[in-house]
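Visitor: I would like to go through this model and ask how its labels were earned. Please show it to me.

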Amino acid sequence: MKSWLTRIKQTTYNTTFMYNIRMVIAFSGTAFVPYFMGHQIATIPLTLGVVAAGLSDIDDRFSVRIMNLIYTYIGFFITAVSVYLLFPYPILFALGLIVSCIGWILLGSLGRRYATISYGCLVISVYSMLGVGLFDHWYTQALLLVIGAAWYGLISTISFLLFPVRQVQDKLSQCYSSLADFLFAKSNLFDVDMTPSSYQHTMIELSLENGKLVGIFNEMKTALLTRLKGDRGQKDTRRSLQYYFVAQDIHERADSAHIDYQKLVKIFEHSDILFRFQRVLSIQAKACKDLSYSILHRETYQHNTRFKHTFANLKLSLEKLRAEQYYDQVSVNALFALYQNLKSIDAQLRNVETERHIKFDKTKHIENQLKDDDLKGWDDIVIRIKQHLTPESVLFRHAVRVSIVLLIGYVFVQVSNIEYGYWVLLTALFVSQPNFNATKRRLRLRIVGTLIGIILGYTILYFVPSIEGQLLVLILSGVLFFELRSKQYAQATAFVTILALINFNLDGVGFAAALPRMIDTLIGCALAWFGVSFIFPDWKFRRLSRTINRSLTAQCNYLAEVTEQYKFGRNNGLKYRVVRRAAHNNDAELASLISTLATEPDFDPTQKSLAFEFLCLNHTLLSYIAALGAHREKLKDQEVLQLLELGLDNIQGSLLKDEMPDLNIQNMLSTIRQRLAHNDEEDQSALIVLQQLSLMFSILKQLSRLKQSLSHDRDEKSTELASL
């Protein structure tokens, strides 16, 4: 009996399984309750209500979750009723479509919860168009859509009450899994066969992995913050908070760079030291994967015993390098700093399960705070919306673009009277994304998925003629759609197409709807492509120079805060973590922007090459600053502290004001190299500061040159566009 209870408990830890069970219950209710009540046509709006609610579901604490559900149901009902009442009046409907579309999308500027609710309302508006002729009364379809959404909301709320910290645990597990991917990418920098081209490829991959990790950290912070507001210090939440801080600290240390990796490969290409560092990073990545698994399955993490032996051999190899006097001792010292950094990561992983890490210490409350980004009142709402009332805003361009695309689709449907034409609008809405690259990718996947779904749907309708069998397939299709929608978009589209065909077959037109579905999908995809290519296209408004300036400003702020801590001592308070997160967020934004440039039309290949070169150097600078941050403590050596402050001034002047005080930097480099040339430094912090300053100065001129070159090219192109 005990073993069965253990198995059942372990099954509940499988988030995917439990989520699918939730969706099975939701779709079973919408499929079979109308069937037993003899009102099968009601399955269509009920099922669509579940789909819209599932797409609008958002993780939050219980009280806010209830308010979100209420707002969602009100929005769904008003939207559906408005569609029904305005439908007979095409001009009023078209005006309402534009205004509501822009309004709903701009509502997303207020935050994540409003963005999801507004997206659900947009989906409901098109669903209401599809079923506007199914019922006689203005309120019937709207009520059924809301009932379907409320049914899903009830199930999801019960699931939340049973497993209140499940979403936090999942996000935390994702944090460590993504951290492992970052460590694996970092280990590639110690490849002894690395060439200049492979180095750039590795740095680009590392920057993109860093962007993914930072995105997950941001989601984790949001999930923690909402619970910390409501649970008044619940043990599981506080424990997750400490795990989150440990992950951030490991990330800072993992992103640190103590040496130029290209020079490192040349210096130590015939030594075993690089293989040893690569191995340590690889098994630390594996340890993060193991910790991710332990968090997900609520098991105790067991630290790998191989680390002790591996680090002992690594230290022995480093001591032999120092004793040989054959290699450059500055590089050897940098490797020792890297060794200490990896040892600190090992200590974090080894002690992550101990009470001294997970116990909430009130004396260190300042180090256990998160920045609250929620709305603070009406003034904050007005400010956030005003910030996006400009074509420079991605959200504004997306709102205008989608509203025009939907309007064109609506006019086309009215003029052509195409069968099931509102699938055109639904396809355009689902496919349209804020940028060209994402939209282009979805276009292809949507068309392929729809074609597969139609073929499978035809087969199912032919071989499963019974209503009961088709309802079972409807449930399965709905579950698989939600399971795959964020992983395999083409497959998810195939299953939602099957769901749609079965829904229409309940009205007796399943076979007749298949071919129009494919035609409407192609038209909708064409409209989405037209919108993203010609209506406020990103490449005419994208300012690479602005993103570059934001990233460099954030990095200088990070360096300034690190410098302050070398004056007064280590402090992991909110201010430090905010500037560190801002530096990584802006680096991730820059990496995302540059990685999409290759897909955009008319982008200069030379500028693209410069942009990728800048991306590598920008992340290298961030890694050098992160190394300073990882080792920060109060400096006793006043001369080194003066050099650090002067270095900060020169770096800010060079990167933010386009100054290049070459003579000043050369004098500083001369002083730094003289200090580094002596191996009798007692203060290791001073040694690390000198080494990192030397590294930052070594790339400063090239980084500044690339920044000015990219800014100049973009300014010229903007002038050309303005003159057309």
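Visitor: What makes E219 count as buried, partly exposed or exposed?

Guide: This is a predicted model, so every value here is computed from it. E219 has 39% relative accessibility. Buried means under 20% and exposed means over 50%. The value falls in between, so E219 counts as partly exposed.

Visitor: Why is the contact of E219 with K171 called a salt bridge?

Guide: The cut-off is 4 Å between a side-chain nitrogen of Lys or Arg and a carboxyl oxygen of Asp or Glu. The closest N and O atoms of E219 and K171 are 2.5 Å apart, so the pair qualifies. The bridge links distant parts of the chain: E219 is in helix 9 and K171 is in helix 8, 48 residues apart. K171 is partly exposed, because its relative accessible area is 22% and the buried class needs under 20%.

Visitor: What makes K289 and D181 a salt bridge?

Guide: Their N to O distance is 3.2 Å, within the 4 Å limit, so the label holds. K289 sits in helix 12 and D181 in helix 8, 108 residues apart. The relative accessible area is 29% for K289 and 29% for D181, so both are partly exposed.

Visitor: Which parts of the chain do E392 and R546 link?

Guide: Their side chains meet in a salt bridge at 3.2 Å, N to O. E392 is in the loop between helix 16 and helix 17, while R546 is in helix 24, 154 residues apart. The whole structure has 20 salt bridges.

Visitor: How do you know that the length of helix 14 agrees with its residue count?

Guide: Helix 14 has 23 residues, 329-351. At 1.5 Å a residue, they should span 33 Å. The end C-alpha atoms are 33 Å apart, so the two agree. Helix 14 is also mostly covered, with 17 of its 23 residues buried.

Visitor: Why is N417 called exposed?

Guide: Its relative accessibility is 66%, and the exposed class starts over 50%, so N417 counts as exposed. N417 lies in the loop between helix 17 and helix 18.

Visitor: What is notable about the phi of N417?

Guide: The phi of N417 is positive, about 55°, although N417 is not a glycine. Most residues other than glycine have a negative phi. R298 also has a positive phi, near 55°. R298 lies in the loop between helix 12 and helix 13. At 40% relative accessible area, R298 is partly exposed, because 40% is between the two cut-offs of 20% and 50%.

Technical notes. Residues are numbered from 1 along each chain as its sequence is written. This is a predicted model: local features need pLDDT of at least 70, side-chain atom pairs count only at pLDDT 80 or more; totals for chains, interfaces and linings use all residues. Side-chain values use heavy atoms; hydrogens and water are left out. Helices (H or I, at least four residues) and strands (E, at least two) are DSSP runs, numbered from the N terminus. The expected span of a helix is 1.5 Å times one less than its number of residues. Buried means under 20% relative accessible area, exposed over 50%, partly exposed in between (1.4 Å probe, protein chains only).
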